[in-house]
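Please open the model in your viewer, with the cartoon and the side chains both available, and keep the selection tool at hand. The tour moves from the whole chain to one helix, then to a hairpin and two single residues.

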Amino acid sequence: MHIRGLLALLSAAAVLAGCAGAPPVTEVEPDPAPVVRTPPGEAAKPAPPPAARRGGGYYLDDGPGDNAPDAATLAAIPDAVPRDEPLHRFANRPYSALGMQFVPMTEAKPFRQRGRGSWYGRKFHGQKTSSGEVYDMYAMTAAHATLPIPSYARVTHLASGRSVVVRVNDRGPFKPGRVIDLSWTAAAKLGYVNDGSAEVEVEAVFAEGSPGDLLARRAAGRPEVQRAPPVERAAEADVIAALSTEAAPAAADTGHWLQLGAFAGLDNAQALSRRVVDGLVELADRVRVNSDGSRHRVQAGPFASREAAESAARLLRDRLGLDALLIAR
């Protein structure tokens with residue numbers, strides 16, 4: 001036999017022998033190339049080639065970054081607080097992505113959805129979102145294919161029961177079965193960063209007293225809360241003097257209250273309470289956290305009159321930039 005043919009036979013035999021003793025190989029579905037998020041209506045840029053992955057469920061050039069907050073700092077980051085904001089002028093138009101058509105919602109109404117939640121990190125940190133805002137992986141934000149921009153959603157990790165509230169300011173994810181892309185921080189607080197994705201429930205939430213909140217309350221059969229109408233500004237010294245001399249109602253829970261925020265996590269509620277007490281000592285003895293199941297509300301009161309409560313609301317807005325809801329009991 002020709003020497004080259006003999007060498008070929010020996011080489012083939014060696015390969016067969018090696019394959020016989022090799023362990024089985026499990027095929028893993030390759031991850032798609034990352035989608036470059038662009039505001040609807042703008043020309044999409046070509047996607048970069050997929051990067052190598054490392055342990056922890058993210059791309060080599062993705063992940064938490066070198067200055068990621070530690071566990072204690074992460075736990076103290078508060079949820080996004082729903083506000084009644086105007087819709088973005090361009091980000092809610094129908095658009096297409098990866099051959100799919102999407103029609104975003106353009107009104108505030110109840111919404112609930114289940115599926116896989118994923119996250120995105122430093123690979124997109126500092127880039128513009130669909131709203132035009134710069135993506136901050138350490139903020140409590142998210143990308144959703146059809147929820148209004150901006151809007152707010154409560155995302156619950158179904159396996160653990162943990163939940164966070166995020167502000168939707170971006171579009172995505174576009175992989176089948178994925179329903180929301182959380183910021184790194186939001187996913188870390190839910191506990192699925194290392195897994196890459198998890199089964200979640202997404203529910204639209206609204207600023208209390210807003211049109212969307214009224215619709216959601218009616219649909220759920222809950223009592224309605226209305227916003228206090230705007231009041232004229234007053235001299236701060238006069239407001240402080242009025243609060244210091246006002247007598248509280250006879251019953252501890254009756255009178256007028258101001259609600260400053262509602263949170264799924266007790267730590268977030270307590271953080272806001274401390275912020276109010278530190279920044280507005282005039283209300284220090286009136287601020288409390290009222291917990292009802294999984295909801296924790298930061299409230300100030302009671303005030304004997306509506307006028308006193310409105311005066312306190314002005315102080316909160318002027319000193320701390322907080323909008324309060326007036327609740328009468």
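What percentage of the 329 residues in the protein chain do buried residues make up? With the whole chain selected, bear in mind that this is a predicted model, in which 44% of the residues are buried. The cartoon should show seven helices and 14 strands. If you display contacts between residues at least 6 apart in sequence, 73% of them join residues at least 24 apart. Switching to a surface, you are looking at about 17,500 Å² of exposed area, of which carbon and sulfur atoms supply 55%.

**Helix α6**

Select residues 266–279 next, which form helix α6, a stretch of 14 residues that reaches 20 Å from its first C-alpha to its last, close to the 20 Å expected at 1.5 Å a residue. Within α6, colour N268, A269, L272, S273 and V276, which are buried. These residues cover an arc of only 140° around the axis, which puts them on the same side of α6. In general, an α-helix has 3.6 residues a turn, so residues three or four places apart point the same way. To see what covers the buried residues of α6, add its surroundings, which include α2 (71–76), α3 (184–190), β11 (256–263), β12 (287–292), β13 (295–303) and α7 (306–320).

**The β12–β13 hairpin**

Two of the covering elements, β12 and β13, deserve a selection of their own, since they run antiparallel and are joined by six bridges. Zoom in on D292, whose bridge partner in β13 is R295. Two residues lie between the strands of this hairpin, and G293, in the turn, has a positive phi of about 70°.

**Q259 in β11**

Move now to strand β11 and select Q259. Is Q259 buried or exposed? Q259 counts as buried because its relative accessibility is 4%, which falls under the 20% cut-off. Its side chain makes a polar contact of 2.8 Å with the side chain of Q299. Leaving aside neighbours within four places in sequence, the residues in contact with Q259 are E208, R297, V298, Q299, D323, A324, L325 and I327.

**R317 in α7**

Finish at R317, which has its place in helix α7. At 36% relative accessibility, R317 counts as partly exposed. Apart from its neighbours within four places in sequence, R317 is in contact with L322 and D323; keep D323 selected, as Q259 is also in contact with D323.

Methods
Residues numbered from 1 in each chain as written. Predicted model: local features only at pLDDT ≥ 70, side-chain atom pairs only at ≥ 80, totals over all residues. Heavy atoms only, no water. Helix = DSSP H or I, 4+ residues; strand = E, 2+ residues; numbered from the N terminus. Buried < 20%, exposed > 50% of the residue type's maximum accessible area, 1.4 Å probe, protein only. Contact = heavy atoms within 4.5 Å. Areas by Shrake-Rupley, 256 points an atom, 1.4 Å probe, with all protein chains shown as cover. Expected span 1.5 Å × (residues − 1). Arc of directions from axis to C-beta. Pairing = 2+ DSSP bridges. Polar contact = N/O pair within 3.5 Å; in protein donor to acceptor, adjacent residues only side chain to side chain.
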